[in-house]
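Student: I should like to learn how the features of a protein model are read. May we go through them one at a time?

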Amino acid sequence: MILMSFKDRDVISILDFNKDDLYKLFEVTDKILPYSKSKINLLPDKIMATAFFEPSTRTRLSFETAMRRLGGEVISIVGSEGISLMKGENLHDTVKMLEAYSNIIVIRHKNEGAAKYAAEIASVPIINGGDGRQHHPTQSMLDLYTIYKLKGKIDGLVYGILGDLKYARTANSLILALTKFKPKKIYLISPPLLRLRDDTKMVLKSSGISFEEVNEVNDILSELDILYVTRIQKERFPDIMEYEKVKGSYRITLNMLRENAKDDLKILHPLPKVDEIAHEVDYSKYAAYFLQASYGVPVRMALITLIFGVEDKI
Amino acid sequence: MILMSFKDRDVISILDFNKDDLYKLFEVTDKILPYSKSKINLLPDKIMATAFFEPSTRTRLSFETAMRRLGGEVISIVGSEGISLMKGENLHDTVKMLEAYSNIIVIRHKNEGAAKYAAEIASVPIINGGDGRQHHPTQSMLDLYTIYKLKGKIDGLVYGILGDLKYARTANSLILALTKFKPKKIYLISPPLLRLRDDTKMVLKSSGISFEEVNEVNDILSELDILYVTRIQKERFPDIMEYEKVKGSYRITLNMLRENAKDDLKILHPLPKVDEIAHEVDYSKYAAYFLQASYGVPVRMALITLIFGVEDKI
Amino acid sequence: MILMSFKDRDVISILDFNKDDLYKLFEVTDKILPYSKSKINLLPDKIMATAFFEPSTRTRLSFETAMRRLGGEVISIVGSEGISLMKGENLHDTVKMLEAYSNIIVIRHKNEGAAKYAAEIASVPIINGGDGRQHHPTQSMLDLYTIYKLKGKIDGLVYGILGDLKYARTANSLILALTKFKPKKIYLISPPLLRLRDDTKMVLKSSGISFEEVNEVNDILSELDILYVTRIQKERFPDIMEYEKVKGSYRITLNMLRENAKDDLKILHPLPKVDEIAHEVDYSKYAAYFLQASYGVPVRMALITLIFGVEDKI
């Protein structure tokens with residue numbers, strides 16, 4: 001397997017990266033971790049443009065922090081500006097503008113393929129900060145890094161991916177990411193209405209990984225090493241009664257965990273969460289989501305460092 | 001009286017600071033003042049997060065400028081982002097996110113106690129950029145510093161605090177601040193409907209400072225050394241006629257000042273003002289509010305410097 | 001002709017600059033161009049405030065990038081904040097605040113004269129980032145620089161200025177700018193409803209430059225050396241049918257250019273464009289608007305450098 005270089009590379013889908021790429025990223029993340037709350041001046045003359053046409057304060061701040069911890073600068077399309085730009089002009093010209101101003105562009109967009117399209121236009125590297133329903137590669141990178149740090153490996157574990165598997169970009173991107181590894185099994189836990197979308201399921205099937213769709217987390221909780229939770233939005237249900245019927249099964253409580261979970265089960269969540277995990281779980285041994293959130297900056301620092309090819313200066 | 005160290009301290013209420021603390025702050029402000037329009041690289045590897053869940057361009061820009069003049073960086077939740085975050089997720093998780101990204105957090109929130117709650121969650125220092133109806137400690141710090149620079153002292157002066165004493169956060173916070181000193185007298189000037197709130201009044205009473213509630217500024221204008229003006233908002237009055245009746249008494253004109261005020265009366269205002277001070281007063285000897293605004297950056301620079309414990313490097 | 005110094009100068013209207021000033025600016029731009037995608041630390045202790053009371057992501061990001069490429073910092077009033085500020089307080093006090101925080105202010109405002117008014121208040125230099133219907137001096141500077149780079153001169157060329165000449169700020173500002181030079185001829189191409197406004201026309205007339213108002217670009221396309229396109233907004237027409245009738249004549253296609261245009265015709269556009277230029281033109285030899293956009297940063301870097309008087313350090 002040939003290791004693709006990260007240098008000047010666009011980051012569009014997690015599927016573009018192989019296992020060796022990702023382990024290289026983890027290695028650089030390990031090295032850069034001590035600087036993730038201070039600064040390392042690797043990119044003093046680079047500017048990142050963040051173009052969030054769909055709001056995500058968390059992802060935007062994570063990228064901005066990463067760039068600044070590396071000594072670089074950031075210019076941002078923020079808040080309602082992104083929405084106005086989408087109405088007023090074509091994405092092509094916006095990308096041409098940002099390319100003229102910056103050295104790397106992070107784009108987030110509700111439409112599938114927006115980041116890929118931007119990469120075709122721009123002469124500077126594009127990072128997909130989330131587009132469509134399937135792709136959020138940097139989120140998956142930090143999810144995998146968290147698992148790697150907690151378990152020392154990604155292969156051989158039993159995963160439960162819970163929530164809105166039809167629409168949740170983070171869950172779909174993580175499932176695609178796991179196809180690059182050898183999980184023991186993946187449980188896809190969702191109400192029947194929100195089953196994993198077909199395009200992701202096809203990739204999963206062709207990977208040969210054992211997986212199973214289940215309705216109830218309690219049925220398989222005892223088997224899990226990793227439980228990845230995403231939110232179930234009321235709005236997805238045509239009838240509010242349908243939602244009321246199922247919502248309890250998708251709320252993780254400390255009792256449920258104490259009764260059924262392995263001692264070293266770790267729960268991940270891309271955040272923000274609403275009430276799908278009871279607050280009392282936050283400070284239990286199971287909760288890994290704040291640790292996971294804290295890896296957002298160092299993983300992105302490592303990725304940007306690799307793209308600019310300055311990882312030897314760490 | 002033991003001097004509490006500022007190092008790693010949360011700044012939640014002005015009541016947490018004693019007179020010696022505040023004089024220490026003024027001393028550091030004096031030293032840092034020459035850098036407040038240029039730069040001193042005291043915090044090259046620190047990032048401040050500003051989380052304004054209630055908009056305040058002035059306070060946000062003041063903190064951002066202070067941090068950058070100190071060589072640090074800033075990430076910001078701005079504009080409608082704060083409002084969206086409040087709806088979409090709990091404050092707990094937002095604070096956990098910001099803590100992971102930054103070295104110090106400034107929070108502004110409409111709810112009383114939001115900053116205190118954030119301080120309980122976060123491992124990094126929290127500065128209250130204004131919450132509820134009573135607390136805005138950094139505004140009071142710069143108000144006091146302005147008085148100290150203009151009068152050489154804070155004790156022994158006659159103060160008039162005019163406007164909306166029921167709801168104005170800045171007025172309440174300043175009154176709390178003055179209880180740490182020995183003013184000669186405080187006049188609380190407001191329409192009966194907007195009298196000082198009880199919680200603040202209790203603190204004032206127990207301080208033993210002489211104070212008096214009055215309706216008309218003209219009755220006591222000649223006694224004042226300092227007049228602190230805040231806006232009276234029409235919306236506070238159940239009947240617009242009530243507002244129309246009183247509004248004239250709460251508008252400061254140059255004539256009024258020339259006829260009744262001491263020659264060295266100084267007028268402060270937290271800004272923005274609307275029409276509670278006539279424009280012709282702006283360039284008179286009485287107006288101190290633009291000077292006061294100009295102290296926003298150096299006082300906050302000094303405070304941040306003290307919190308990071310690098311004041312010896314100035 | 002005496003060369004006015006740029007040092008500490010306000011930049012309100014392109015009419016305040018003479019030909020020698022502009023050539024000096026071009027000369028500094030040429031020198032600073034290599035740094036416009038990296039960094040030159042000319043202004044390490046300066047902060048720029050951008051106060052956009054009318055949104056313009058493109059112009060704001062261009063100024064922010066320019067300041068950061070010069071090693072300076074930026075604080076920004078962004079998105080809906082500007083609108084809120086306009087409602088809640090007077091421009092006078094906002095300028096006083098920004099003056100206290102920053103070393104230079106960029107203001108954008110829908111009202112004619114806003115930048116001039118700000119310059120009267122502020123002790124720091126003001127740059128007009130566009131106000132009213134006539135003034136956008138930095139846009140005209142980069143337009144002229146683009147022409148200068150493409151043609152080696154500004155004098156002696158035939159210009160077509162197409163679109164909404166009544167309301168388009170960029171078109172008006174460029175026409176004013178051209179009166180400082182000796183164009184061979186200027187064609188003003190617009191529907192009768194959107195003819196050049198009288199105040200701009202008066203300046204053009206008194207300059208002695210040959211100009212002509214025409215309805216159809218095709219009639220004179222073969223004569224042009226430079227075609228400057230602006231958008232025609234549907235909303236300007238009292239009757240949508242009137243708009244539908246004319247819109248075709250104001251859309252530039254590759255066919256039209258191949259049939260009628262000079263081989264070395266260059267098309268400029270201030271961007272963002274909607275559909276007034278067919279997408280197929282973008283990558284033809286005629287299109288100069290992405291190059292033009294790329295000069296936004298270096299021209300503004302040069303201007304800021306001159307205002308701070310540090311051009312000898314490049």
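The dialogue below takes up helix packing, burial, and backbone geometry in turn.

Tutor: This is a predicted model, in which local features need pLDDT of at least 70 and side-chain atom pairs count only at pLDDT 80 or more, while totals for chains, interfaces and linings use all residues. Residues are numbered from 1 along each chain as its sequence is written, chains are lettered from A and ligands numbered from 1 in the order in which they are written, and side-chain values use heavy atoms, with hydrogens and water left out.

Student: How is the packing of two helices described?

Tutor: Two packed helices are described by the angle between their axes and the distance between the axes. In chain A, helix α6 (residues 137-151) and helix α7 (residues 169-178) pack at an angle of about 60°, with their axes 9 Å apart. Helices here are DSSP runs of H or I of at least four residues, strands are runs of E of at least two, and both are numbered from the N terminus. Axes are lines fitted to C-alpha atoms, for helices over the stretch in contact, and angles run from 0 to 180 degrees between N-to-C directions.

Student: Which residues of α6(A) and α7(A) make the contact?

Tutor: From α6(A) come A:P137, A:Q139, A:S140, A:D143 and A:L144, and from α7(A) come A:T170, A:S173, A:L174, A:A177 and A:L178. Contact means heavy atoms within 4.5 Å.

Student: What is found for α6 and α7 in chain C?

Tutor: In chain C, the axes of helix α6 (residues 137-151) and helix α7 (residues 169-178) come within 9 Å and cross at roughly 60°. On the α6(C) side, C:P137, C:Q139, C:S140, C:D143 and C:L144 meet C:T170, C:S173, C:L174, C:A177 and C:L178 of α7(C).

Student: Is C:T29 buried or exposed?

Tutor: Buried means under 20% relative accessible area, exposed over 50%, and partly exposed in between, with a 1.4 Å probe and protein chains only. C:T29 is buried, because its relative accessible area is 0%. This residue belongs to helix α1 (residues 19-32) of chain C. Leaving aside neighbours within four places in sequence, C:T29 is in contact with C:Y145, C:P298, C:V299 and C:A302.

Student: How far from B:R300 is the nearest side chain of opposite charge?

Tutor: That side chain, B:D143, is 7.9 Å away, and B:R300 is buried yet has no salt bridge. Lys and Arg count as positive and Asp and Glu as negative, while His and the chain ends are not counted. A salt bridge is a side-chain nitrogen of Lys or Arg within 4 Å of a carboxyl oxygen of Asp or Glu. B:R300 lies in helix α13 (residues 296-307) of chain B. Not counting residues up to four places away in sequence, B:R300 touches several residues, including B:F63, B:H136 and B:L142.

Student: Where are there cis peptide bonds or positive phi values?

Tutor: Most residues other than glycine have a negative phi, and most peptide bonds are trans. In chain B, a cis peptide bond joins B:L271 and B:P272, with omega about -5°. B:P272 is placed in the loop between β9 (266-268) and α12 (289-294) of chain B. In chain C, the peptide bond from C:L271 to C:P272 is cis, with omega near 0°. C:L271 also has a positive phi, near 60°, and counts as buried at 8% relative accessibility. C:D8, in the segment before α1 of chain C, has a positive phi near 60°.
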